[in-house]
Structures are given as structure tokens and as C-alpha cells.
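Subject: A structure for you to look at

Dear colleague,

I am handing over the structure below, together with some notes on what was found in it. Please keep it open while you read, and look up each place as it is mentioned.

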Amino acid sequence: MSSQREVPIDLHAEEFRKIGYSLVDSIADLLNSMETRPVTPGESPRHLQELLGNAPLPENGSNVEDLVQKSIDLMIDHSLFNGHPKFLGYITSSPAPLGILADLLAAGVNPNVGGHILSPIATEIEKQTIRWLAEFIGVSPDYGGILVSGGNMANLTAFVAGRTAKAGKESKKTGLSQKDNPLIVYCSKATHTWIDKAADLFGMGTNAIRWIATDDSNRIDLDILEETIKKDLSAGGHPIMVIGTAGDVSTGVVDDLKGIGAICEKYDLWFHVDGAYGIPAATVPELKHQFVGIEKADSIAMDPHKWLYSPLEAGCTLVKDPKHLLDTYSSHPEYYKFDTGLDGFAQNYYEYGFQNSRGFRALKVWMVLQQVGRIGYENMIREDVKLAQLLYDLADQHPELEAISHHLSITTFRYVAADLDPDKLSDEDLNDLNKALLNKLQNTGEVFVSNAVVQGKYSLRACIVNFRTSEQDIREIIEIIVRNGRELST
Ligand SMILES: *Cc1c(COP(=O)(O)O)cnc(C)c1O
């Protein structure tokens, strides 16, 4: 059915079908040919600006078929593909093909998952997804939560809930400037930058963050943590929260969550875990011990668009007692007649987070969880970790490479150019060499890795959250990196 009005935006059913089929054909071809393409064309921003041209906004519409073809060509010829088997940069995964179709279905029906009455089945699917995600990582399925755009938003959403819980609900009215004691939060130096945004945006200021030193294993130092809390208490401060990281973004190290949980219990602090990258590994039996203590967390951030291979965007906030989300985000304006529904069981997601109108992110996560099953994920995650170990071992054995770290599916290493006199190469020289090497690799499209600074060493960093990467890719990546390193150092 299409509208009775003659409007330039509608597509008649036959047109929609034809264009839609050909779009799906193009995406299928892309997925099928991805490994034969460069990871990235490495084109300059200026080149791309010229390609688009600087025509003004069109006054009149244009032919849809041409427009779709032009868009397909632009996207396929000028994109970086994080679904490429040799894309191991940052923490961006290959998108699950079924997730691509799920997003199409979600947009097709277009439920607004802010209110139950606007999204009856979608709301229930999101609730089920959240329960399954809690089960997946091994915490109580009674955790509640909400899907958000990604890890940053998942952390921010939890952060404010923790703040409301520990600073008191009255601070929602009075604001923080009325408080006698400054609120203080604790996290390790390896914590992701979201914490700066959170402390700043929510009115505490970044001085409210205590960056606790890490120990030799790069985990938060629990003795220093406790000493710092005590010192702040005796100086009249108001500690509210400790953030543990379950898989730090640089090297994949998991904090001692049990230890942090015990300190939070002792000092009545909110215990938040940032598991945006690493927490899915808790579903793998031989890795589970690294995450012991997670079940005590008041809130957890996870990120299905990382290690659950969901297409962007999908993050998730889990909260042990979801009433804290309602305490923080719920309000009842007179223009919403959203209530608890016919049987009293309706949940309105606008009361659980920042967003009002909300898209149906849960569908792709929910569908792919069922396509793969928990065991399917367990096996894929285990294989990613094994490939990261293989990369570490191959780098360790190679005379021109130095293996630096391996945790979960992140490996860091650097090129050290064995044929050059190692006595003449300072750490600074090696840092410069590896910076230049990274630049070269990121622009030539054979392989895409990112960087980390580990023990003062500028390193190449591979994070394998990629179900397409094979053992052969890892072996080829070693060769590519050594060849490029040689070209730079001779
Ligand atoms: C990736 C990541 C984030 C940010 O997540 P986005 O999805 O990029 O917003 C936060 N914390 C950690 C530990 C991460 O790995």
C-alpha cells in the first residue's frame, strides 16, 4: 500500500521491492568479496570532498534508482571495512550479516521503543534481550537495563544512576553545587575516556576523578584505592563510586573485580564495571575466573556492537536493581499517558535512560543471540582469543618483532628491525619507527591495526573481535607488518 497523496517521498510497492532486492544483492556481493578488497582505500579527506563536490542542497528531488546506485558505489568504493578479515583495529567488530537484515526489519516497522504502547512486541523483545545478556555474562537475570548507542552511553547511563543512588535523590532537585562535600569517584589509570565526559557533563568536574595507579599486572592497585578512599573521607569528601574495568581498551587486562566489590561493600560505594570490550569473554569457562566478582556489580556496561558482533550501534546498561534507573530517569509529564498497560506489566523505556524516542536496537542483538546460541558465541570468542595468542607467539618468535602483551583478544607488539644495530636504536627511535609503520599500515589497506603505549613502548595493537579472521590471516599479517617495517627502516 502507498499513500493516496502524490508525495515525492513515497515509494510504490513494486519500486520498493525492485530497489530493495538490488540493494540486498549489492550487500551480499560486498560480504562475499570483502576479503579481496583493501581494508581501506586510504584516501585523503580532500579527495573525498572533491568526489562529493560542493553543489548546494538540491531544490528538487531525483530518481531513486540512480540515487541508490550512487550511494552503493560511494559506500563500497570509499569505505573502511571493519568486516574485513584483516581489520584488527580499535575495538570494532565485523557485523553479523543477520544483524544487517534485522536493522532493515526494525526500520521497516519503526517501533518507538520509548513507550510500551508504541512498541508492544519490541519492548518485550528488548526486555528479553537484556535478560539474556545478563545470563550470558553470568550475572543474575534479574538485572534490568536498557539498550543504548554504545559503550560510552552505557557507562554514562549507569554513572548517573549510581550518582543518584549515592548522592541522594534530593540532589536531583538541589543540584550538586548545594552539596557541602564534593562527590568523588575512583577508577584506574587505564579507564576509558568516558569517565572524563561523565564527571564533566554531570557537573562534578574532572577533579572529582581519582585516577588510581595500576600494579605490575596493569590492574587497579587495591591498596592505593583503599588508602585514597580513607584519605578523602577524613578530608570531608563524599566517595560515591568505584569503576572497575573488565578488559581495558589498550591491552585487555581485567581488574580484580572481587577485590573492588569488597571495598565498595565496606565503604558503601556504587560498584560499576565497564565491560564494554571484555565482558562477553565471561561466557567462556576457561576465562570466567578473570571476571569473578562481576555478580556483585551494581551496574555493568557492555557493548553488543563489539564482541557480540552486532552492527553499530548497540550498547547495553545493566543495573542490579533497575529501580535505580527509574529513580534517576523517570518523570511523568501530562502529555504522556504511558502507564503500566492492560495488565500492569508494561515497561516504558523512556523512564530508564536518556532517550525519549528510541529505535529498536534490540532486534539485531536478539536475533543474532538466537542464530548463534550461547555456545556458538563461546566458541567464536575462544577462537578470537586463540588467534590473539597465535599473533603474540609468532611475534615473539620473529627476530624482527617484539611481543609485548596478550590479554583476552588483544595483542601488542612492535617492530624492532633485527638487522639494524639494536644498541644504536633507542626506545625513542623505536617509538618513531613504529609510529611511522602504523601510519603506513593504516593507509595502505593490506591490514588495519591500531596502537597502544605499553610500558612506555609505542606498540602496534591488534584486537580480534572478528569472526572472519583466520589463522592464515594472522600469519599473513605478520609477513605484511615485517615487510612494511623493513621498507621503512632501510
Ligand atoms: C569501546 C569502549 C568504550 C566506549 O564504547 P563505544 O561503544 O565506543 O562508545 C568504553 N569503555 C571500554 C573499556 C571500551 O572498550
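To begin with the ligand, one of its oxygen atoms is 2.7 Å from a polar backbone atom of Gly151, and an oxygen atom of the ligand is also found 2.8 Å from a polar backbone atom of Asn152. A side chain takes part as well, since a polar side-chain atom of His305 lies 2.7 Å from an oxygen atom of the ligand. Taken on its own, the ligand has 380 Å² of accessible area, and the protein covers 84% of this. Please bear in mind throughout that this is a predicted model.

There are 15 residues around the ligand, and those that come nearest are Gly151, Asp274, Asp303, His305 and Lys306. When this shell is divided by character, 5 of its residues are nonpolar, 7 are polar and 3 are charged. Helix H6, which runs over residues 151-167, gives the largest share of the shell, namely 3 residues.

From the ligand we can move on to Ser93, which has its place in the loop between helix H3 (64-77) and helix H4 (97-109). Is Ser93 buried or exposed? Its relative accessible area is 4%, and because buried means under 20%, Ser93 counts as buried. A polar atom of the Ser93 side chain lies 3.1 Å from the backbone oxygen of His305, and a polar side-chain atom of Ser93 is likewise 2.8 Å from the backbone oxygen of Lys306. Leaving aside residues up to four places away in sequence, Ser93 touches Asn82, His305, Lys306, Tyr309, Ser310 and Val465.

Tyr309, one of the residues that Ser93 touches, deserves a look at its backbone. Most residues other than glycine have a negative phi, and most peptide bonds are trans. The phi of Tyr309, however, is positive, near 60 degrees, and this residue sits in the loop between S6 and S7. With 1% relative accessibility, Tyr309 counts as buried. Tyr90 also has a positive phi, near 45 degrees, and it is found in the loop between H3 and H4, but at a relative accessible area of 43% Tyr90 is partly exposed. As for the peptide bonds, the one from Leu312 to Glu313 is cis, with omega near 0 degrees, and Glu313 belongs to the loop between S6 and strand S7 (315-319).

Another buried loop residue is Ser119, whose relative accessible area is 2% and whose place is between H4 and helix H5 (120-137). The side chains of Ser119 and Thr123 are joined by a polar contact of 2.7 Å. Not counting residues up to four places away in sequence, Ser119 touches Pro111, Asn112 and Val113.

Phe291 lies in the loop between strand S5 (270-274) and strand S6 (299-302), and its relative accessible area of 1% makes it buried. Which residues does Phe291 touch, not counting those up to four places away in sequence? They are Ala246, Val254, Leu257, Gly278, Ile279, Ala281, Ala282 and Leu408. Val113 is 178 residues apart from Phe291 along the chain, and the C-alpha atoms of the two are separated by 32 Å. For another pair, Lys323 and Ala165, the separation is 158 residues in sequence and 9.8 Å in space, taken from C-alpha to C-alpha. Lys323 belongs to helix H11 (residues 323-329) and is partly exposed, at 44% relative accessibility.

Two helices complete these notes. Helix H14 (residues 471-489) has 19 residues and reaches 27 Å from its first C-alpha to its last, which is close to the 27 Å expected at 1.5 Å a residue. Among its buried residues are Asp473, Ile474, Ile477 and Asn484, and the buried residues of H14 pack against helix H12 (362-397), strand S8 (401-407), strand S9 (410-415), helix H13 (427-444) and strand S11 (457-463). Helix H2 (residues 45-52), in turn, is hardly covered, as the count of buried residues among its 8 residues is 0. H2 is followed by Gly53, and the phi of this glycine is positive, near 75 degrees.

With best wishes,
A colleague

Definitions and conventions: Residues are numbered from 1 along each chain as its sequence is written. This is a predicted model: local features need pLDDT of at least 70, side-chain atom pairs count only at pLDDT 80 or more; totals for chains, interfaces and linings use all residues. Side-chain values use heavy atoms; hydrogens and water are left out. A residue is near a molecule or strand if one of its heavy atoms lies within 4 Å of it. A polar contact is a pair of N or O atoms within 3.5 Å; within protein, one must be able to donate a hydrogen and the other to accept it, and residues adjacent in sequence count only if both atoms are side-chain atoms. Accessible areas come from the Shrake-Rupley method with a 1.4 Å probe; for residues, only the protein chains shown count as cover. Helices (H or I, at least four residues) and strands (E, at least two) are DSSP runs, numbered from the N terminus. Ala, Val, Leu, Ile, Met, Phe, Trp, Tyr, Cys and Pro count as nonpolar, Asp, Glu, Lys and Arg as charged, and the others, Gly among them, as polar. Buried means under 20% relative accessible area, exposed over 50%, partly exposed in between (1.4 Å probe, protein chains only). Contact means heavy atoms within 4.5 Å. The expected span of a helix is 1.5 Å times one less than its number of residues.
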